[in-house]
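User: Please pick one strand in this model and go through it closely. I want to know where it sits, what it touches and which charged side chains it pairs with.

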Amino acid sequence: DKCEEEWSFIRSAPIPVEPGKVYFVATKMKIYNVVRSHIKIEAYIENEGKWISLEPYVPYGKTGSSDWCTYYGIVVIPDGVTSIRVTLNAGWVLDPSQGPAITWFDDIQVYGPIESWFYGEQR
């Protein structure tokens with residue numbers, strides 16, 4: 001019997017940002033029996049009136065089970081974007097014989113804008 005691949009997610013309220021600037025995203029996450037849990041940053045393109053996904057996901061997508069780990073990402077805000085939101089994506093069941101998929105998130109932070117020296121850009 002194949003499990004359905006379906007996301008469970010929660011979105012934050014919009015967070016004001018500056019276009020063209022760089023932001024640092026951090027989260028703590030613990031997983032049990034999941035496929036591809038992660039945090040996604042979405043950006044609101046004001047002149048188009050729509051939300052788009054930014055890369056990278058934080059972390060890119062964790063599968064399996066793990067204790068608490070801290071994950072980080074650097075996000076560049078595109079031109080025309082004045083707010084972002086954080087979307088917590090909890091993945092689906094990896095192994096039905098092991099029970100439900102569970103993802104815990106904690107201490108989600110968005111810092112910025114940050115200076116280029118912080119993330120290694122050469123001056």
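Analyst: The answer starts with the whole chain and then moves to a single strand and its partners.

This is a predicted model, in which local features need pLDDT of at least 70, side-chain atom pairs count only at pLDDT 80 or more, and totals for chains, interfaces and linings use all residues. Residues are numbered from 1 along each chain as its sequence is written, and side-chain values use heavy atoms, without hydrogens or water.

The chain has seven strands and zero helices (DSSP runs numbered from the N terminus: E of at least two residues for strands, H or I of at least four for helices). Along the sequence the pattern reads β-β-β-β-β-β-β. Of its 123 residues, 36% are buried (under 20% relative accessible area; exposed is over 50%, partly exposed in between; 1.4 Å probe, protein chains only). Among contacts with a separation of 6 or more, 79% join residues 24 or more positions apart (contact: heavy atoms within 4.5 Å).

The strand to examine is β3, residues 22–45. Start with the largest nonpolar core, which has 20 residues (buried Ala, Val, Leu, Ile, Met, Phe, Trp, Tyr and Cys joined through side-chain atoms within 4.5 Å). Strand β3 gives nine residues, the largest share of this core. Strands β4 (50–76) and β5 (81–90) also give two or more each. Ile41, Ile77, Val81 and Ile84 touch the most other members. Beyond four places in sequence, Ile77 touches residues including Tyr23, Leu54 and Ile84. As a general point, nonpolar side chains in soluble globular proteins tend to be buried together.

Next, Thr27, which is in strand β3. Thr27 counts as buried because its relative accessible area is 1%. Setting aside neighbours within four places, Thr27 contacts Ile39, Val58, Cys69, Thr70, Tyr71, Phe105, Asp106, Asp107 and Ile108.

Asp107 brings in the charged side chains. Asp107 and Lys28 form a salt bridge at 3.9 Å, N to O (a Lys or Arg side-chain nitrogen within 4 Å of an Asp or Glu carboxyl oxygen). Lys28 lies in β3 and Asp107 in β7, so the bridge ties parts 79 residues apart in sequence. Both ends are partly exposed: Asp107 at 39% relative accessible area, Lys28 at 33%.

Asp107 has another side-chain partner. Its side chain makes a polar contact with that of Gln109, at 3.0 Å (N or O atoms within 3.5 Å, one able to donate a hydrogen and the other to accept it; residues adjacent in sequence count only through side-chain atoms on both sides). Gln109 sits in strand β7, residues 102–114. Gln109 is partly exposed, at 28%. Past four places in sequence, Gln109 touches Phe24, Val25 and Ala26.

Now Glu42, also in strand β3. Glu42 forms a salt bridge with Arg11 at 2.9 Å, N to O. Arg11 is in strand β1 (residues 8–11), 31 residues from Glu42. Glu42 counts as buried because its relative accessibility is 5%, whereas Arg11 is partly exposed at 38%. Glu42 also meets Lys40 in a salt bridge, at 3.7 Å, N to O. Lys40 counts as buried, at 15%. Arg11, Lys40, Glu42 and Arg85 are linked in a network of salt bridges. The chain's salt-bridge count is five.
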